[in-house]
Amino acid sequence: FLRGLWGRRTLTVARQMFAKTAESDPNYARAYAGQAYCECYLLWLGDRTASLEAATDNIARALQLAPDAPETHAAKGLVLWAAGRYGEAEEPFERALALGPSLFEAHLFGGRNCRVQDQHERAASLFRARR
């Protein structure tokens, strides 16, 4: 859902698919991380069905299930970013990069977080590395 055309409809469908996956396998952490990603992007698009609380709940579950999965840390960083807590988001993005150096989401979200904090050189390096 991050690599293609996306918008409210695509993100809503992706969120539903992640929720169904979590329902069928409640121990699959990446399904909860995916829901958190979708919640954050839907919030950014002004979707009233999305909530920071849902994103926070989903990422808490993901981290509980898979504390060493890079996707869970990237999602945690995104949730903090969506809440405007940019400084706090740095640590989970760094953790995601350490656990998964090639993880697209860690580079994309981490780069965006650096950009909003005027860390342009670091942002550029993260964006270049995600290719």
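Colleague: Which residues does Thr-72 touch, not counting residues up to four places away in sequence?
Modeller: This is a predicted model, where local features need pLDDT of at least 70, side-chain atom pairs count only at pLDDT 80 or more, and totals for chains, interfaces and linings use all residues. Residues are numbered from 1 along each chain as its sequence is written, and side-chain values use heavy atoms, with hydrogens and water left out. Contact means heavy atoms within 4.5 Å. On that basis, Thr-72 touches Ala-29, Ala-33, Ile-59, Ala-62, Leu-63 and Ala-66.

Colleague: Is Thr-72 buried or exposed?
Modeller: Thr-72 is found in helix H4; helices (H or I, at least four residues) are DSSP runs, numbered from the N terminus. Buried means under 20% relative accessible area, exposed over 50%, partly exposed in between (1.4 Å probe, protein chains only). Because its relative accessibility is 0%, Thr-72 counts as buried.

Colleague: How far is the backbone oxygen of Ala-69 from a polar atom of the Thr-72 side chain?
Modeller: A polar contact is a pair of N or O atoms within 3.5 Å; within protein, one must be able to donate a hydrogen and the other to accept it, and residues adjacent in sequence count only if both atoms are side-chain atoms. Here the partner of the Thr-72 side chain is the backbone oxygen of Ala-69, at 2.6 Å.

Colleague: How many residues of H6 are buried?
Modeller: Helix H6 covers residues 104-116. What covers its buried residues includes helices H2, H4, H5 and H7. Phe-109 and Cys-114 are among the buried ones. The count is 10 of 13.

Colleague: Which residues have the most contacts inside the largest nonpolar core?
Modeller: A nonpolar core is a set of buried Ala, Val, Leu, Ile, Met, Phe, Trp, Tyr and Cys residues joined through side-chain atoms within 4.5 Å. The largest has 37 residues. H1, H2, H3, H4, H5, H6 and H7 each supply at least two of its residues, and H2 gives the most, with 10. Those with the most contacts inside the core are Leu-78 and Phe-109.

Colleague: Why is Cys-114 not bonded to Cys-40?
Modeller: A disulfide is a pair of cysteine sulfur atoms within 2.5 Å. A search of the whole structure finds 0 disulfides. Cys-38 is in none either, with the nearest cysteine sulfur, that of Cys-40, 9.4 Å away. For Cys-114, the closest cysteine sulfur is in Cys-40, and they do not bond because the distance is too far, at 17 Å.

Definitions and conventions
The expected span of a helix is 1.5 Å times one less than its number of residues.
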